[in-house]
Amino acid sequence: MTTGQRQKLLVFRELPADQLARLHAAHDVTVANPRIPAQLEAFNVALATAQGMIGSSYPVDAALLERAPCLQVISSISVGVDNYDLAALAGRGVLLCHTPGVLTETTADTIFALIMASSRRLVELANLVREGHWTRNIGEELFGHDVHGKTLGILGFGRIGQALARRAALGFGMPVLYHNRTSVDLPELAGKATHRPLDLLLQRADIVAVTLPLSSETRGLMGAREFALMKPGAIFVNGARGAIVQEDALLQALDHGTLRAAGLDVFATEPLSLDSPLRRHPKVTALPHIGSATVETRHAMAVLATDNLLQALAGERPAAVFDTAQI
Ligand code: DGY
């Protein structure tokens with residue numbers, strides 16, 4: 001990588017002003033978000049000479065890379081790398097950086113919030129108050145279900161899965177089952193979190209939460225067979241990637257199966273289309289992909305992504321390089 005001279009950077013998603021200033025101080029920067037029609041032309045022009053890119057939530061595939069012949073590094077402001085064609089990046093020798101670690105606790109908070117909201121019907125009941133329907137004490141038909149003491153099944157046991165397990169096991173007295181390639185030895189969760197095959201976990205858990213990365217192995221993992229294995233009255237929560245779930249099968253399980261409710265922060269297509277049946281489904285709590293969306297965490301992600309980019313352009317090893325052999 002060329003070092004010590006100003007290079008051409010393309011910022012393809014909004015960056016906080018303090019981080020943008022760091023880039024401007026050292027390099028020539030174009031800010032153009034291809035998702036905004038008025039900025040697409042500027043994005044395409046800048047792509048042709050960009051040596052570094054920083055942003056997220058935009059697919060970077062082989063065709064896009066062909067239009068970026070000078071590109072050496074992409075710094076993604078996300079932990080997930082499913083928007084990037086990893087083989088094409090590796091083939092071109094483009095370095096990919098991401099933001100693990102800094103969003104772990106916030107994302108686990110969001111997933112736990114969905115567990116609470118779905119089990120205790122928080123959004124539905126808050127809307128009842130807002131809409132003026134709280135005219136007498138609510139009856140049993142509107143009662144929720146306990147979260148504490150229930151068995152939580154976690155699909156994926158990386159940083160976020162483990163953070164979720166700590167909340168559940170240590171805070172809410174929930175036995176945790178997890179499904180992962182390997183068993184993970186965590187002293188603080190000894191005797192409280194157990195490695196289980198997928199089918200057994202689905203059969204035993206009262207609440208199933210997905211924290212897996214999206215890959216060819218996990219795409220469509222939750223289908224009709226898997227939902228049918230879940231306990232009657234179980235709750236399903238997805239805080240990872242929408243495409244891990246076959247949404248038709250989820251709807252079928254909610255409408256005709258025994259699934260009690262679903263809490264979803266992610267969808268196969270985002271933003272969720274206005275005609276998606278998941279948007280207003282009475283058993284679904286849907287959020288607009290806010291897993292890491294707090295002021296503190298989004299800023300920490302921007303700082304780490306900016307560090308990664310500046311380090312790579314200076315010829316140093318960035319703090320968080322994604323190993324493309326991992327998936
Ligand atoms: C991530 O960092 O991967 C979050 O899901 C935001 O895309």
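The exercises below, each with a worked solution, concern a predicted model.

**Exercise 1. The surroundings of the ligand**

Task: determine which residues surround the ligand, and at what distances polar atoms of Val79, Arg241 and His289 lie from an oxygen atom of the ligand.

Solution. Begin with the surroundings, which consist of Ser78, Val79, Gly80, Leu103, Arg241, His289 and Met301. Next, take the backbone: a polar backbone atom of Val79 is found 2.7 Å from an oxygen atom of the ligand. Then turn to the side chains, where an N or O atom of Arg241 is 2.7 Å from a ligand oxygen, while for His289 a polar side-chain atom lies 2.8 Å from an oxygen atom of the ligand.

**Exercise 2. Strand E3 and its partners**

Task: work out how strand E3 (residues 52–55) is covered on its two faces, and which residues stand opposite Gly52 in the strands E1 and E4.

Solution. Start from the general principle that side chains in a regular strand alternate between the two faces of the sheet. In strand E3, one side carries Gly52 and Ile54 and the other Met53 and Gly55, and all of these are buried, so that both faces are covered. For the pairing, consider strand E1 (residues 8–11), which runs parallel to E3 and is joined to it by three bridges; here Leu9 is the residue that stands opposite Gly52. Consider next strand E4 (residues 73–76), also parallel to E3 and joined to it by four bridges, where Val73 is the bridge partner of Gly52.

**Exercise 3. Two polar side chains in buried positions**

Task: for Asp206 and Ser118, decide whether each residue is buried or exposed, and find the polar contacts that their side chains make.

Solution. First place Asp206, which is in the loop between helix H8 (198–204) and strand E9 (207–210). Its relative accessible area is 19%, and because the cut-off for buried is under 20%, Asp206 counts as buried. The side chain of Asp206 then has two contacts to be listed: one reaches the backbone nitrogen of Thr151 at 2.8 Å, and another, of 2.9 Å, joins it to the side chain of Lys231.

Ser118, by contrast, belongs to helix H5. With a relative accessible area of 6%, Ser118 is likewise under the 20% cut-off and therefore buried. A polar atom of the Ser118 side chain lies 3.5 Å from the backbone nitrogen of Gly263.

**Exercise 4. A pocket and a cavity**

Task: describe the volume and lining of the second largest pocket, and then those of the largest cavity.

Solution. The second largest pocket has a volume of about 400 Å³. Its lining comprises 20 residues, of which Glu124, Pro282, Lys283, Val284 and Thr285 are the closest to the centre. As to elements, helix H5 (104–120), helix H6 (122–130) and strand E12 (284–286) each contribute at least two lining residues, and by class the lining of this pocket divides into six nonpolar, seven polar and seven charged residues.

For the cavity, a search of the whole structure finds one of 30 Å³ or more, and the largest cavity contains about 30 Å³ of space. The residues that line the largest cavity are Asn238, Gly242, Val245, Glu247, Leu250, Leu264, Val266, Phe267 and Leu278. Sorting this lining by class gives six nonpolar, two polar and one charged residues.

Key. Residues are numbered from 1 along each chain as its sequence is written. This is a predicted model: local features need pLDDT of at least 70, side-chain atom pairs count only at pLDDT 80 or more; totals for chains, interfaces and linings use all residues. Side-chain values use heavy atoms; hydrogens and water are left out. On a 1 Å grid over the protein atoms alone, a cavity is a set of points where a 1.4 Å probe fits but cannot get out, and a pocket is an open set with protein on both sides within 12 Å along at least five of seven lines; lining residues have an atom within 4 Å of a point. Grid points are joined across faces, edges and corners, and a volume is the space filled by probe spheres set on the points. Ala, Val, Leu, Ile, Met, Phe, Trp, Tyr, Cys and Pro count as nonpolar, Asp, Glu, Lys and Arg as charged, and the others, Gly among them, as polar. Buried means under 20% relative accessible area, exposed over 50%, partly exposed in between (1.4 Å probe, protein chains only). Two strands pair if DSSP finds at least two bridges between them. A residue is near a molecule or strand if one of its heavy atoms lies within 4 Å of it. A polar contact is a pair of N or O atoms within 3.5 Å; within protein, one must be able to donate a hydrogen and the other to accept it, and residues adjacent in sequence count only if both atoms are side-chain atoms.
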